[in-house]
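Welcome! Please take a moment to look over the sequence and turn the model around before reading on.

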Amino acid sequence: PYDDGNIFAKIIRGDIPCEKVYEDDAVIAFMDVMPQAEGHVLVVAKKPSRNLLDAADDVLGPLFAVVRRLARAAKSAFNADGVMIMQFNEKAAGQSVFHLHVHVIPRKMGTALKPSGGRVEDRAVLAAHAAAIRSALD
């Protein structure tokens with residue numbers, strides 16, 4: 001079952017701060033606090049669901065439209081060679097926060113990803129990365 005006490009639900013409600021990149025009625029996007037690369041963004045559906053497997057059909061279109069928009073912006077903002085899009089469903093697949101979300105990670109050739117769940121990035125760095133992506137959205 002869905003747990004409305006998960007960290008992303010708390011961010012959506014405003015109980016926990018984030019470095020917000022984008023928000024509309026259906027989606028919120030913010031910087032991952034433990035980024036695997038510069039510009040690592042989490043795109044989160046606002047409507048509660050554990051993951052893609054139980055999400056309502058009307059959630060997926062708006063979510064993935066924003067994923068694409070932010071992927072383009074992040075690629076541009078970080079002069080990346082490509083963009084990795086990751087989405088995990090259940091613990092066995094690597095999901096650690098049980099609220100539907102998608103990782104958008106700009107990638108540069110020859111640059112390895114940092115480990116998942118690594119070091120918490122400095123808030124000022126995250127704020128600068130969020131600003132760069134927001135600027136590329138315009």
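Which residues of β2 lie on one side and which on the other, and are they buried or exposed? V27, A29 and M31 sit on one face of β2, I28 and F30 sit on the other, and all of them are buried. Keep in mind as we go that this is a predicted model. Because five of the five residues of β2 are buried, the strand is largely enclosed by the rest of the structure.

Let us see what flanks this strand. Strand β1, residues 20-23, runs antiparallel to β2, residues 27-31, and three bridges join the two. To get from β1 to β2, the chain passes through a hairpin of three residues. Two cross-strand positions are handy for finding your way: K20 stands opposite F30, and E23 stands opposite I28. β2 also pairs with β3, again in the antiparallel sense, over five bridges. Here A29 has V43 of β3 as its bridge partner.

Now for the nonpolar interior. In soluble globular proteins, nonpolar side chains tend to be buried together. In this model the largest nonpolar core has 25 residues, and the members that touch the most others are V21, V41, V43, L70 and I133. Two or more residues come from each of β1, β2, β3, α2 (57-77), β5 (101-107) and α3 (123-137). Helix α2 gives the most, with eight residues.

L70 is a good place to stand and look around. Leaving aside neighbours within four places in sequence, L70 is in contact with V21, Y22, A29, V41, V43, V104, I133 and L137. Apart from this core lies another one, of seven residues, including I11, F30, L42 and V97.

Next, follow the chain past the end of β2. D32 belongs to the loop between β2 and β3 (41-45). What is the nearest side chain of opposite charge to D32, and how far away is it? It is K114, 10 Å away, and D32 is buried without a salt bridge. A salt bridge needs a nitrogen of Lys or Arg within 4 Å of a carboxyl oxygen of Asp or Glu, so a separation of 10 Å does not qualify. D32 does have a polar partner in the backbone: a polar atom of the D32 side chain lies 2.8 Å from the backbone nitrogen of M34. Beyond four places in sequence, D32 is in contact with H40, V41, L42, H103 and L126.

One of those contacts, H103, leads us to another residue worth visiting. H101 is found in strand β5. Is H101 buried or exposed? Its relative accessible area is 7%, so H101 counts as buried. The H101 side chain reaches the backbone oxygen of H99 at 2.7 Å, and it makes a polar contact with the side chain of H103 at 3.5 Å. Not counting residues up to four places away in sequence, H101 touches F8, L42, V43, V44 and Q87.

Finally, let us turn to the charged pairs. Side chains of opposite charge can pair when their charged atoms come close. How many salt bridges does the structure hold? There are seven. One of them brings together the side chains of K20 and E23, with 2.6 Å from N to O. K20 is partly exposed, at 35% relative accessibility, and E23 is partly exposed too, with a relative accessible area of 35%. K20 and E23 also belong to a network of salt bridges that includes K46.

Another salt bridge joins the side chains of E90 and R50, at 2.5 Å from N to O. This pair links distant parts of the chain, 40 residues apart: E90 is in the loop between β4 (82-86) and β5, and R50 is in the loop between β3 and α2. E90 is partly exposed, at 29% relative accessibility.

One more pair is D15 and R13, whose side chains meet in a salt bridge of 3.0 Å, N to O. D15 has a relative accessibility of 51%, so it counts as exposed, while R13 is partly exposed at 46%.

Note on methods
Residues are numbered from 1 along each chain as its sequence is written. This is a predicted model: local features need pLDDT of at least 70, side-chain atom pairs count only at pLDDT 80 or more; totals for chains, interfaces and linings use all residues. Side-chain values use heavy atoms; hydrogens and water are left out. Two strands pair if DSSP finds at least two bridges between them. Helices (H or I, at least four residues) and strands (E, at least two) are DSSP runs, numbered from the N terminus. Buried means under 20% relative accessible area, exposed over 50%, partly exposed in between (1.4 Å probe, protein chains only). Lys and Arg count as positive and Asp and Glu as negative; His and the chain ends are not counted. A polar contact is a pair of N or O atoms within 3.5 Å; within protein, one must be able to donate a hydrogen and the other to accept it, and residues adjacent in sequence count only if both atoms are side-chain atoms. Contact means heavy atoms within 4.5 Å. A nonpolar core is a set of buried Ala, Val, Leu, Ile, Met, Phe, Trp, Tyr and Cys residues joined through side-chain atoms within 4.5 Å.
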